Amino acid sequence: MAQKEATVYVLDLGRSMGEKRHGRDKTNLEWAMQYVWDKITTTVATGRKTALMGVVGYRTDETDLLGVIEDDEGYDNICVFSEVKQFLLQDVRDLQQRLKPCKSESGDLFSAIAVAIQMIKSATEGKTGPLKFERRIIVISDGYGQFDTDDLDQFAAQITHEKSKIDITVLGVDFDDPENGYKEEDKDSAKAENEEMIRKFVEDDCGGIFGTLAEAVEQLEIPRLKETRAVPSFKGLLTLGDPEKYDSTMTIDVERYPCTMIAKPPTASSFVMRTDLASQAGPSIEPMDVDSTGEQLSAVRNQRVYQVDDPDATGHKINVEPDDLERGYEYGRTAVHISESDANIVKLETTPGLDIIGFLPAEKFERYLAMSRTNFVLPQKANRQAQLALSSFIHALYEADCYAVARLVVKELKAPVIVLLVPRIELDFEALIDVELPFEEDMRRYKFPTLDKKLTVSGKVITQHRDLPNADLMEAMSSYVDSMDLSTFEVDEDGAPTEYMKFEDTFSPLLHRINQVIRWRATNNDLASKLPDPPRILTKYSAPPPDLLAKTEDELTALKSAADVKKVPPKQKGRGKRRREDREKPLSGLDIDELLGNPKRVKIDPQKLVPSFKQALSASDDLEVLQEAVNDMGGCIKELITGSVGESAYGRALEAIRVMRDEVTELEEPDMYNGFIRDLKQDLLDGKLGGDRREMWWSIRGSRYGLIDRKRSFASAVTEEEAAEFYKG
Amino acid sequence: MADPSRDNRSGEEEDDDEEEIDDSSYKTIKDAVLFAIDVSHTMLERPPASTDKKADRDSATTAALKCAYQLMQQRIISNPKDMMGILLFGTEKTDLGDGDTTFQSCYLLSDLDVPAAQDVKRLRDLLENEDEAAEILKPADTPASIATVLFCANQIFTTKAPNFSSRRLFLVTDNDYPAKTKQDKDTAVTRARDLYDLGCTIDLFPISRPDHGFDRSRFYDDLVYPSSPSDPDAPVMPSTTSKVAKTGDGITLLKQLLSSINSKATPRRALFSLPLELGPGLRIGVKGFILIKRQEHVKSCYVWVGGEKVQIVTGSTTHMADDTARVVEKGELRKAYKFGGDTVQFTPEEFLQIRQCFGDPVIRIIGFKPLDMLPLWANMNKATFIYPSEADYIGSTRVFSALQQKLLKSRKMGLAWFIARRNAAPVIIAILPGEERFDDAGEQTMPPGLWLIPLPFADDIRKPPEMGETLKTTDDLTDKMRIIVEQLQLPGGKYDPSRYPNPDLQWFYRILQAMALEEEVPDTPDDKTIPKYRQIDKRCAGYLAEYGECFEETFSTMVLHGAAKGKLSHLSSRSKSASAVPATGKRPASARPKHVKVKREATSDKERYAMTDQQMAEMNDRGQISKLKVQDLKEWLFPRGLSTAGKKADLIDRVQQYLERKMG
């Protein structure tokens, strides 16, 4: 659980904030709000009830303290826009309407800070005094205005008060920043004076941060990492040998924590438009508020219906009651019922533990066998013996350059997994890393031809072949790979070469992309506005670094010419097979059509529907012949359906339809198929094919075997809308 | 491909907004395998009796049936939705089920279907019961025509597995010219072509006899096609001829057959087909395959017990609006993100834009690094295998080969930006060269190619929990442990997955099979993952004892030195019970092995992991006591007879008071 926090934003809304300065295309306030909204929406996105926020504006036209301070004398032109609370989307949208640059010149920054202090104080105080909270005040100011410095000591005392310390940050618009070498030209002397006053108060008196807005906005681009508290997935013994049976064994108390874990982007949930707007009453559990588009959404519930086969019932299926259902498993197509009391019978009896099976030299381990995310294995907390023992184990592995293989059971009755244990020794910590290894059943034993030589059918080895690289290509590849080295491409702070694209420099593109647009949409609820592009940092590693490419141009050119790769034009792909001489031949290369005397016409044979149809299409280019084949095929399909007992022949019919659709698309004669399928639909729905055949139509529809539209074949006259319409009814 | 068992009524749209690369689609390709096993006099001939244990005992037909039996059981585990059937040909009996005698000398032992428990039993009975076998496995006077077998297979596939995208005929025979006349052969050739046009593959498992090598070119090269219709680009490797072993050959026919059949157990299908970009303007085509994937057992399902027979239930889901309980069509569903107690919405077009702003699917190489820059801790998931394909780029294979060889030679890896398919999340991967490996018999065990290993982003890397100051090993102690590490090397110094069947999976299906056949449930699992304790003891007992002594010594010196307050030398309550172990073990204390911690006592987990007085004192001295959780404090207080009531501060007070009293 993260620490409770309370943050108050103190915003300068004075007239000067509405100006555009130094060639920026945004007003100062818009620029500042980029930062503020990002902060606020990031907090809202966490959904935490314990992350509280408030907003105070100064140099506002009006004065409204919402009763934070009883006597508002001396607090003129200060507005509390939101008290300290958990923000919801609605609060964000409300605030957006209200935070506008004012006409006001007057309004005191320090008084606004005083209000903020008071707001935090009352929100974070329990009956017995200050509660445990992270307290923060973030101030945005452009440094203009008249400041009242009377009570600064008192404010500083409150901010630095031990039990209720507040972290204060001031972000200035165009404040001087000696560290980054920024100095505002022609700075107004009053502003310069104010800047110094604020700096002194924040840095010297309060120990806070005094920075510039420019820097803060720039840093928004760097994705923030979410820290997750480490939760052990296993606590138990690392054992070598069986301590129950043998004397000499080793057991070490260890704990296992995640080392890598995919950070998943938020997932979207399903909703449906509300249709009951007229009658708002009803058993809606949590009615959704009006959302961004003004439409209302309602949550979606899933309901499951269970059926079993029953040859006597109409449709051959009957619905069954959930009460008559029990747990079981499928063994092939046999149902095995396992009663509640027997539930554990299929479970392997196991006891928790991490038992070493053996060791292997690191170099002999095939790196691609590691098949899971990784974990730390650490000594039990505060157990000195375990610390020493595990340390010796880690170092022994490291020095012997070996890994351990162990059997891990994390909890009683959980399935064992085999893990690889790898030593990891860093400057400030050491640990074992575990990663799961495959069992026999996890390996698929596909075979692939050798890459560095060719075998002829007779078993002769060939070393020169178009599929094998020649010496030129090998040489060019070698130079290119070597020239594109990243291990020393980056330059570190001291100017020394270092690794480019370290793990810690790469950020999950989709995760931060989705978070970015969610935050963006929260403050840009106009559906007409265009989504922002992803921040550059997310796409930085989507291509080789340009400087490196520039340096390796020659090597790449050499490789390209040695490789001589040709792209296959899209037209040729998959086409042309209808031409007889291009048809696939058996291993021997025998021309089967010739064997059959190259018939000009092949009759559709219901016994072998699909093969004879394909053969018929390849036999001729004559459109009439083709049409006849399609007609015959269509006739056979209808016969299949008509003769079908129940749904028995639907599968075959469906397959024949698919083949017809695919082949005809390839022939670029979509109308032949479209005519057939229109006709078939009509017959099915009219019950002309041996009774109620609606199920068959639903199957066609479900398989999307409808009209061939323009998208699928350019020769089609059917629009996508027409094709979609066809599925209805 | 259509799947008639699914509820198609709602007119499902293609689901475009899928999140991760999900392997399930990879699995949904349904596969039907029909074994066609030759039953002839030569196939039935048994090898000469031999005293050699490793020698063949099976006739070729029996070996093939055993393979089929094993494959059937294996497929129930690995491909529970897939079909399998067994057709014997050349038999005296003719029966295609229900007395159908259309196809002369064809005997359908097991119809093409998802296997039922009874099919497994029937096959087993045939293998175990000689009388039954003798009756069925009786060759006809005239051998079956291969054309008839192929036509028969055609009919079976057409009617039983019409919509399966992968349909394969596994043909096991030792006859390399099953034709009398040219006419016979021509008919067979056309039948084979029909099968090919139907979308079926013939996988030939030829058997050579000691006196007669199988020659494919005589007949079968005219029947077998170089590519499979379900995966036109997947490279096809003709299976090697299995030889009937001579006595003492070591590798039996059964083993050879099993090995070639296993490599075809699941149809190979590419997970993706993508361009691999080596540099701007240089792309080649590759296909991705999953060669490693955790095999899970089937999930439990609902069965209907309301009828006479237990039946599997099929469920279907309907969506309903939560407020009105109105049934909602899939097309009406809208996706939105929950945000601040409300929803943030995007149009479907925007949803596409959000994901597709990273560009088209590609494997784009960013550069190269030495292999040792890929630490094992940086693993995220299983690796994907890639192999070149000429379908989109001519010349891909040679460039791929050059890259693979270069990476192997220089021990380097590529780093790449990888989008597996449209809408998939981009990831950074390491591209590792995979070396081709063979077993003793020269069969490929690992294919040559490249492996894609997904790497963690900064977001995926977790910090280890704070450990504070910990004790560190000494050189002496490390050396003592190192000897043990070196003594206990795995066979061949490598991890070989084939030595470790998944004990949980095997057990699950053994039980399930027994229950399905209503047989007795076995009670001892065969678990190959349990360490070989006896060997460990034999090889290492002495070294472990030495290590144990060294450990005790090192530890006590360290603790004495580090314990300024002189309290830490106290044996904790648990260390005391540890020293009690050897006493009951009747062995001299000097030979006492090292037990870093106690052996498992008959205590509950909670007590076992609770901290000792000493550990708590140390925490307290280091000022870390407040970092303990309330639960930890309570677990510590309770067994000491102290109250566990009150707030955390109260608990800490109580702990400290206790420590003061106890430790003085």
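## Exercises on a two-chain model

A:Leu325 stands opposite B:Trp304 in strand S9 of chain B. Everything below concerns a predicted model, in which local features need pLDDT of at least 70, side-chain atom pairs count only at pLDDT 80 or more, and totals for chains, interfaces and linings use all residues. Residues are numbered from 1 along each chain as its sequence is written, while chains are lettered from A and ligands numbered from 1 in the order in which they are written.

**Exercise 1.** Find the strands that hold A:Leu325 and B:Trp304, and place them in their sheet.

*Solution.* Step one: look at strand S14 (residues 325–331) of chain A and strand S9 (residues 301–304) of chain B, which run antiparallel and are joined by four bridges. Strands here are DSSP runs of E with at least two residues, helices are runs of H or I with at least four, and both are numbered from the N terminus. Two strands pair if DSSP finds at least two bridges between them. Step two: read the order of the open sheet of four strands, S15(A)-S14(A)-S9(B)-S10(B), with antiparallel pairing. Step three: pick out the edges, strand S15 (334–337) of chain A and strand S10 (311–312) of chain B, each pairing on one side only.

As a reminder, strands of a sheet pair through backbone hydrogen bonds, either parallel or antiparallel.

**Exercise 2.** Work out how strand S12 of chain A pairs with strand S11 of chain B.

*Solution.* Start with the ranges: S12 covers residues 297–309 of chain A, and S11 covers residues 314–321 of chain B. Next, note that they pair in the antiparallel sense over eight bridges. Finally, find one partner: A:Arg304 has B:Thr317 as its bridge partner in S11(B).

**Exercise 3.** Describe the side of chain A that touches chain B.

*Solution.* First, count: 221 residues of chain A are in contact with 220 residues of chain B (contact means C-beta atoms, placed from the backbone, within 7 Å). Then see where they come from: helix H7 (residues 384–400) of chain A gives the largest share, 14 residues.

**Exercise 4.** Is strand S17 of chain A mostly covered or uncovered, and which strands pair with S17(A)?

*Solution.* Begin with burial: six of the six residues of S17 (residues 374–379) are buried, so the strand is mostly covered. Buried means 20 or more other C-beta atoms within 10 Å of a residue's own, exposed means 12 or fewer, and partly exposed lies in between, with C-beta atoms placed from the backbone. Now the partners: strand S10 (residues 250–258) of chain A pairs antiparallel with S17(A) over five bridges, with A:Tyr257 facing A:Phe376 as bridge partner. Strand S20 (residues 430–437) of chain A also pairs antiparallel with S17(A), over four bridges, and A:Asn375 has A:Asp434 as its bridge partner.

Conventions:
Two residues are in contact if their C-beta atoms, placed from the backbone, lie within 7 Å. Ala, Val, Leu, Ile, Met, Phe, Trp, Tyr, Cys and Pro count as nonpolar, Asp, Glu, Lys and Arg as charged, and the others, Gly among them, as polar.
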